[in-house]
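Student: I should like a close look at a single part of this structure, namely how one helix packs against its partners. Please take the contacts in turn.

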Amino acid sequence: MLELFSGLKSAIDLVWNLDADLVEISLLSLRVTLTAVLISSLIGLPLGALLSVSRFRYRRLTIALLNALMGLPPVVVGLFVYLMLSRAGPFGVLDLLFTPTAMIIAQTIIVTPIIASLSHQSLRELWFQYHDLLISLHTSKVQRIKTLIWDGRRALLTAALTGFGRAIGEVGAIMIVGGNIEHLTRVLTTAIALEVGKGDFALAIGLGIILISLAILVNLAVHVLSRTERQGVW
């Protein structure tokens, strides 16, 4: 209990003094996470809509595989990306290992199945309602996908925020591909792991409190900007 209070004091001190290292790793955490979620959304949302409006031979198998990938072990993803980006790997010439870009790639692989699967589940219900109307209007598949994404945007926002929650707390994969290098690839989660390893639990708890606060603030900001609950259609 004493360590918890010490951690809370450390968090307040770090924020109050606007610690330069804290600002740096917090901004890097947000940059890596938000970029990965944006890329994942650009891939996952249309994919979820496509699976909702399409009927093909291996559709059920594809959906089942997508759902299974929601539980991808981050350490395995990190190992896979590491092997791909290492000097002996096929993309080693790009020299991306131990950079924020490698961390974004790892997080994108982890988050994309989550956003795609949740999007499909939400848009499938919407497609049942719109099916007859959109078919009778002779709309193309692209038009149907655009309609579902626009009209289901509030549910899709939840899917994206779920992906953000998974990405902001990720540590295993980005530790492997990022290396936790100070002033280069150190983010809040890897900094917490480092402080725990050093036995500085108070600072680790303080960083953890800041990480949770950051995640809550981003979620609140998105809800405020999207005017959730104000129009009574959530």
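Tutor: The account below follows one helix through two packing contacts. The model is predicted, with local features requiring pLDDT of at least 70 and side-chain atom pairs pLDDT 80 or more, while totals for chains, interfaces and linings use all residues. Residues are numbered from 1 along each chain as its sequence is written, and side-chain values use heavy atoms, leaving out hydrogens and water.

Helices here are DSSP runs (H or I, at least four residues), numbered from the N terminus. Helix H2 spans residues 20–53 and packs against helix H6, residues 141–151, at an angle of about 115°, the axes lying 9 Å apart. Axes are lines fitted to C-alpha atoms over the stretch in contact, and angles between N-to-C directions run from 0 to 180 degrees. In this contact (heavy atoms within 4.5 Å), Leu-45, Pro-46, Ala-49, Leu-50, Ser-52 and Val-53 of H2 meet Lys-141, Arg-144, Ile-145, Leu-148 and Ile-149 of H6.

With H7, residues 153–168, the axes of H2 come within 9 Å and cross at roughly 140°. H2 is therefore oblique to H7, a term for angles that are neither under 35 degrees, nor over 145, nor 65 to 115. Ser-29, Thr-33, Leu-34, Val-37, Ser-41 and Leu-45 of H2 touch Leu-156, Ala-160, Gly-163, Phe-164, Ala-167 and Ile-168 of H7.

Helix H7 also holds Leu-161, which is buried at 11% relative accessible area (under 20%, with a 1.4 Å probe and protein chains only). Leu-161 touches Asn-219, Val-222 and His-223, not counting residues up to four places away in sequence. Leu-161 and Val-222 are 61 residues apart in sequence, yet 8.6 Å apart in space, C-alpha to C-alpha.

Key: Helix = DSSP H or I, 4+ residues; strand = E, 2+ residues; numbered from the N terminus. Buried < 20%, exposed > 50% of the residue type's maximum accessible area, 1.4 Å probe, protein only.
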